[in-house]
Amino acid sequence: MKGVYTAVRRGLAVLCGVCVVAAACCGIWGTRAGRGAASFVLVSWNVQCFFDAETDGSEYAEFRGASSRWSRERYEERLDRLAESLVSLDGDIVVLQELENSAVVQDVYNRLQGSLFGRRRYRYAAFAKEPGSAIGCGVLSRVPLERMRLHAVADKTCQTQPELRPLMELTVNGGGDVRCSLFVCHWKSLSGGAGQAAFWQERQEAVAARRAAAALLSAPVVVCGDFNRDAGLFAAADDAQSVFRDGARSVRLFNAWLRFAETIERAGVPGSYRYRGEWKRYDCVFAAGAVSVSDFAPCADGPWMRVSPEEAAAVLEPYAYSLYSGAGYSDHVPVRCTLVLQGQSK
């Protein structure tokens with residue numbers, strides 16, 4: 001890691017720097033809480049345009065300016081709702097997409113500290129995004145987080161590369177010498193068209209495949225986040241495995257949506273994102289190596305869900321946040337699973 005500096009923010013040591021392929025704003029901070037566990041719950045959630053109450057110019061247009069309905073009061077309300085939701089979801093590692101900056105992670109952390117006690121408190125956190133970009137990804141964890149590295153797409157053949165989130169690579173200490181490499185993704189959205197999205201997602205997939213393959217040489221791998229691609233559209237290795245490709249090279253990963261398809265179907269919420277009445281399985285967990293995944297499902301039992309006002313029948317959908325009314329949570333459903341490290345050490 002280059003350009004490293006440390007700071008203290010409300011008692012937490014912060015490590016920041018610029019890493020690997022492209023410069024990025026990032027940080028990982030925390031306080032040691034003793035031995036970690038080999039089994040833990042992972043939650044991943046795209047929380048939809050979660051900006052803070054300060055204007056720095058990189059926000060989406062509707063969140064800045066005199067005519068915007070965004071305000072500190074609405075930010076505080078959203079923080080309260082998110083913190084209450086995370087207490088209910090009770091993940092040991094919580095991965096969040098579409099946060100503006102590390103200050104939002106810190107504010108969520110502070111809200112949670114007042115609601116959680118003892119070992120249920122989060123003691124580690126991380127954040128990363130490209131400099132000047134609107135949103136990035138954050139992580140809160142009870143399990144010790146150690147090293148963080150960032151990997152970005154840098155396509156020199158294209159002069160119009162859009163704003164892309166870097167791939168976060170975190171080392172999770174599962175207890176003793178057991179390690180797991182956790183990769184956090186937020187791939188190119190469909191804004192700009194499906195063709196442009198596919199072009200850049202292929203490049204993001206190649207970066208993830210290359211880094212996951214390298215990490216698998218010494219530790220189990222978990223890849224999670226919002227892929228903006230349905231889980232069934234990845235190249236299939238078998239009924240429960242998908243393939244991430246880097247040119248002619250590839251890596252096979254357990255696909256949680258495929259493995260637990262029957263259980264999810266019975267639960268009645270077949271995806272994590274719903275647009276114009278169609279469900280998509282965008283938010284996923286992939287795994288490989290000496291780690292098992294169980295109990296994967298979208299979390300449909302919470303205030304972040306509502307009955308669709310546009311359907312004649314009672315159909316659940318994500319309760320998307322409305323800047324106009326200030327109501328709602330996110331246009332994505334959180335997903336949750338249990339991860340068990342099998343004892344492979346790094």
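Let me start with the buried side of helix 3. In this predicted model, the buried residues of that helix are A197, W200, Q201, Q204, E205, A206, V207, A208, A209, R211, A212 and A215. So the list includes alanines, but also Q201, Q204, E205 and R211.

What do those buried residues pack against? Strands: strand 8, at 145–151, strand 9, at 167–175, and strand 10, at 178–186, are among the partners. Further along the sequence come strand 11 (221–226), strand 13 (241–246) and strand 14 (249–255).

As for the helix itself, helix 3 runs over residues 194–215, which is 22 residues. From first C-alpha to last, helix 3 reaches 31 Å, close to the expected 32 Å.

Now the chain as a whole. There are five helices and 21 strands. Of the 346 residues, 54% are buried. Taking contacts between residues at least 6 apart in sequence, 68% join residues at least 24 apart. The exposed area is about 15,000 Å², with 49% of it from carbon and sulfur atoms.

Last, the cysteines. How many disulfides are there? The count is zero, with a pair of cysteine sulfurs needing to lie within 2.5 Å. For C137, the nearest cysteine sulfur belongs to C185 and is 8.2 Å away. Is C137 buried or exposed? C137 counts as buried, because its relative accessibility is 1% and the cut-off is under 20%. C180 is in no disulfide either; its nearest cysteine sulfur, on C224, is 9.7 Å away. C180 is also buried, at a relative accessible area of 3%.

Terms used
Residues are numbered from 1 along each chain as its sequence is written. This is a predicted model: local features need pLDDT of at least 70, side-chain atom pairs count only at pLDDT 80 or more; totals for chains, interfaces and linings use all residues. Side-chain values use heavy atoms; hydrogens and water are left out. Helices (H or I, at least four residues) and strands (E, at least two) are DSSP runs, numbered from the N terminus. Buried means under 20% relative accessible area, exposed over 50%, partly exposed in between (1.4 Å probe, protein chains only). Contact means heavy atoms within 4.5 Å. Accessible areas come from the Shrake-Rupley method with a 1.4 Å probe; for residues, only the protein chains shown count as cover. The expected span of a helix is 1.5 Å times one less than its number of residues.
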